Amino acid sequence: AKESEMFENAIQLPELQDKAMDETAKAKVDHILVQKIRHILGMVMLRRRKEEVIRLPRKIFHDVWLPSTPLQVSWYKRIL
């Protein structure tokens, strides 16, 4: 319960509420506020790469040759 309380307190940043009310702050970037938001998100987000989560077999590529359709042959001859 301690982590959830910490998160609840953290997401109620007064800086965010003040900035939301201030229309001129839209174009400004507050780097300290961005750091605080990243810290908050870091508590609840888990980023993992596919290689860390699942082990897949290597891809196998097969070349499959198909005959050209008559339309493909005619376009091929026109272009050459």
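1. A residue is called exposed here when its relative accessible area is over 50%. By that criterion, Glu-51 and Arg-49 are both exposed, and Glu-52 is exposed as well. The model under discussion is a predicted one, and the points below should be read accordingly.

2. Confidence deserves attention before any detail. The protein chain has a mean pLDDT of 78, with 65% of its residues at 70 or more. Among its elements, the lowest mean pLDDT, 60, belongs to helix H2 (residues 14-21), while helix H5 (residues 70-79) has the highest, 93. Where pLDDT is low, the predicted coordinates should not be read in detail.

3. As regards the fold, the protein chain contains five helices and zero strands. The order of elements from the N terminus is accordingly given as α-α-α-α-α.

4. How much of the protein chain counts as buried? The figure is 6% of its 80 residues. The accessible surface amounts to about 8,700 Å², and carbon and sulfur atoms account for 59% of that area.

5. The structure contains two salt bridges. In one of them, the side chains of Arg-49 and Glu-51 meet with an N to O distance of 3.7 Å. In the other, Arg-49 is paired with Glu-52, and the closest N and O atoms lie 3.9 Å apart. Arg-49, Glu-51 and Glu-52 thus belong to a network of salt bridges. With regard to solvent, Arg-49 and Glu-51 are exposed, as are Arg-49 and Glu-52.

6. A nonpolar patch of about 330 Å² is present on the surface, and its members are Ile-37, Leu-41, Val-44 and Met-45. Of these residues, Met-45 is located in the loop between helix H3 (31-44) and helix H4 (50-53). Is Met-45 buried, partly exposed or exposed? Met-45 is classed as partly exposed because its relative accessible area is 48%, and partly exposed denotes the range between under 20% and over 50%.

7. The last point concerns aromatic residues. Zero aromatic pairs are found in a search of the whole structure. Trp-75 nevertheless has a charged partner: Arg-78 lies over the face of its ring, at 5.0 Å from the ring centre. The helix with the highest mean pLDDT among the elements, H5, spans residues 70-79.

Note on methods. Residues are numbered from 1 along each chain as its sequence is written. Side-chain values use heavy atoms; hydrogens and water are left out. Helices (H or I, at least four residues) and strands (E, at least two) are DSSP runs, numbered from the N terminus. Buried means under 20% relative accessible area, exposed over 50%, partly exposed in between (1.4 Å probe, protein chains only). Accessible areas come from the Shrake-Rupley method with a 1.4 Å probe; for residues, only the protein chains shown count as cover. A salt bridge is a side-chain nitrogen of Lys or Arg within 4 Å of a carboxyl oxygen of Asp or Glu. Patches are made of residues with over 30% relative accessible area and no salt bridge: like charges are joined within 9 Å, nonpolar side chains (Val, Leu, Ile, Met, Phe, Trp, Tyr) within 5 Å. pLDDT is the predictor's confidence in each residue, from 0 to 100. Rings of Phe, Tyr and Trp (its six-membered ring) pair if their centres lie within 6.5 Å; planes under 30 degrees apart count as stacked, over 60 as edge-to-face and the rest as tilted. A charge sits over a ring if NZ of Lys or CZ of Arg is within 6 Å of the ring centre and within 35 degrees of the ring normal.
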